[in-house]
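Open your viewer, switch on the cartoon, and keep the selection panel within reach. Could you walk me through this structure, stop by stop, telling me what to select and what is there?

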Amino acid sequence: MLVLGIDTSCDETAAAVLSDGRTILSSIVASQAIHAQFGGVVPEYASRAHMQLIVPIVTQALEKAGIGYGQIDAIAVTNRPGLVGCLLVGVSFAKALAYSLDVPIVGVDHIEGHVFASQLAQPDLRLPAVCLIASGGHTELIRVDAWGEYETLGRTRDDAAGEAFDKVGKMLGMTYPAGPEIEQKGRGGNPAAFAFPRAMMQRGNLDFSFSGLKTAVRYKLGDMGAVPRDDELRDFLASFQAAVVEALVTKTMWAAVENGVPTVMLGGGVAANGALRAHLAEEGARLGVEVVIPPREFCTDNGAIIAAVGNALLTRGQRDGLELGVSASREKAARPF
Ligand code: KG4
Ligand code: ZN
């Protein structure tokens, strides 16, 4: 079965072709450059860019996969959560294509897509598992009992981990999204040089909070009088990154140990961060928990993870009709349109 996966939930226009739920024949991602100058995603610009990009990106995905439109067996499209105007572009396009090709369409939860990055990376991983999703919009610990059976164990009370990277980057004059630049410019810095706070660290508390850290960074910058440079900047960024990574890793491992699960999985854009990947792997080895870390390109938004969820839903007999709606949140039912 060839599934076309489409994601337009935020500022990436992504399409991929997945064969039999396993083999990625192509995965094309266009990151919209327009938002860099604004320090964050401007929803209206994002929807407009999706409209311009959706046809060329899907065409490229099919070309790279070496197939024509007629060979698509089903279409999976992110319909929640995300920016509503952005989701509408992907879902409308997917519906029109499904109708014209007379193939099934299935709406996918973007967060479940991030969970499936680990399944794509390691199809035989042992469940139950605890999955840490850390992205620009979400930070969640999810217990995965089976593919499709989830329980949220903890989530952020305020900012998402990626949002903390992006907001701190903005304070330092970096362009959006700042995560990769913070990682790169902090490389080799001393993570203990600045004492930034780790919030809600009572054992057993699986929720996160990053707004206090953001405020601490703002105050520290105020005290310093100017944006740090060279070695000081390196230490500053390494210290900030260490505060985020420590909170994420500690709580993920608490969740794994308390739930007695054999496996921890990682997903979401922040999972591309080298310090997070290394620290989680180290802690897994120390505690005897298997850690599954997908390749970076499947941590950040892409169409392959959406196609993978779609494939699993379709295999279970699930599908949607042309009334498929969109929703800004995971919990609220999608409103048909
Ligand atoms: O999952 P994603 O691609 O989009 C959302 O669904 O939000 O995540 C994007 C987020 C951004 O906040 C970005 O700054 C962050 O992931 N990110 C990183 C790194 N690469 C991307 N954060 C830290 N280190 C990185 N290397
Ligand atoms: Zn995402």
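The tour below goes from the domains to their sheets, then to the pockets, and ends with a few backbone details.

**Stop 1: the two domains**

Keep in mind that this is a predicted model. Start by colouring the two parts into which the chain is divided: domain 1, made of 2-113 + 298-315, and domain 2, covering 127-294. If you place a marker at the centre of each, taken over C-alpha atoms, 27 Å separate domain 1 from domain 2. Where they touch, 12 residues from domain 1 and 14 residues from domain 2 take part in the contact.

**Stop 2: the sheet with strands 1 to 5**

Select strands 1 to 5 and hide the rest for a moment. In what order do the five strands of this open sheet run? Reading across, you will find 3-2-1-4-5, with mixed pairing. Strand 3 (23-31) and strand 5 (105-109) are the edges, each pairing on one side only. Look along the sheet and you can see its twist: neighbouring strands are turned by 20° against each other on average, direction ignored.

Now zoom in on strand 2 (residues 12-19), which is antiparallel to strand 3 and joined to it over eight bridges. For one of these partnerships, pick Val17, whose bridge partner in strand 3 is Ser26.

Bring back helix 1 (residues 43-65). Which strands does helix 1 lie across? Helix 1 covers strand 1 (2-7), strand 2 and strand 3, and runs at about 25° to strand 2.

**Stop 3: the sheet with strands 6 to 10**

Next, select strands 6 to 10. Here is another open sheet of five strands with mixed pairing, this one in the order 8-7-6-9-10. Its edges are strand 8 (149-155) and strand 10 (290-292), and each of them pairs on one side only. The average turn between neighbouring strands in this sheet is 25°, again with direction ignored.

Strand 7 (residues 139-146) pairs with strand 8 in the antiparallel sense, over six bridges. Show side chains for Glu140 and you can find Arg155 of strand 8 standing opposite.

Two helices are worth adding to this view. Helix 7 (residues 230-259) lies across strand 6 (129-134), strand 7, strand 8, strand 9 (263-267) and strand 10, and makes about 160° with strand 6. Helix 8 (residues 274-287) also packs on the sheet, where it touches strand 9 and strand 10, and its direction is at about 175° to that of strand 9.

**Stop 4: the largest pocket**

Turn on a surface and look for the largest pocket, which holds about 1,100 Å³ of space. Where does this pocket lie with respect to the two domains? Both domain 1 and domain 2 give residues to its lining, so the largest pocket lies between them.

To centre your view, select Ser135, Gly136, Gly137, Asp166 and Tyr176, which lie nearest the pocket centre among its 41 lining residues. Then show helix 3 (110-121), helix 4 (161-171) and helix 5 (179-186), each of which supplies at least two residues of this lining. Helix 4 gives the most, with six residues. If you colour the lining by class, expect 14 nonpolar, 18 polar and nine charged residues.

**Stop 5: the second largest pocket**

The next pocket has a volume of about 300 Å³. It is lined by 18 residues, and those closest to its centre are Pro191, Ala238, Gln241, Ala242 and Ala275. Helix 5, helix 7 and helix 8 each contribute at least two residues to this lining. By class, the lining of the second largest pocket comprises six nonpolar, seven polar and five charged residues.

**Stop 6: backbone details**

Finish with the backbone in sticks. Go to Arg80 and Pro81, where the peptide bond between them is cis, with omega near -25°. Pro81 sits in the loop between strand 4 (74-80) and helix 2 (84-101).

Then jump to Tyr176 and Pro177: the peptide bond from one to the other is also cis, with omega near -10°. Pro177 belongs to the loop between helix 4 and helix 5. You have already met Tyr176 as one of the residues nearest the centre of the largest pocket.

For the last selection, choose Asp102. Although Asp102 is not a glycine, its phi is positive, at about 60°. You will find Asp102 in the loop between helix 2 and strand 5.

How values were computed: Residues numbered from 1 in each chain as written. Chains lettered and ligands numbered in written order. Predicted model: local features only at pLDDT ≥ 70, side-chain atom pairs only at ≥ 80, totals over all residues. Heavy atoms only, no water. Pairing = 2+ DSSP bridges. Helix = DSSP H or I, 4+ residues; strand = E, 2+ residues; numbered from the N terminus. Axes fitted to C-alpha atoms, helices over the stretch in contact; angles between N-to-C directions. Contact = heavy atoms within 4.5 Å. 1 Å grid on protein atoms, 1.4 Å probe; cavity = no way out; pocket = protein on both sides within 12 Å on 5 of 7 lines; lining within 4 Å. Points joined across faces, edges and corners; volume = space filled by probe spheres on them. Nonpolar A, V, L, I, M, F, W, Y, C, P; charged D, E, K, R; others polar. Domains from an automatic or database assignment.
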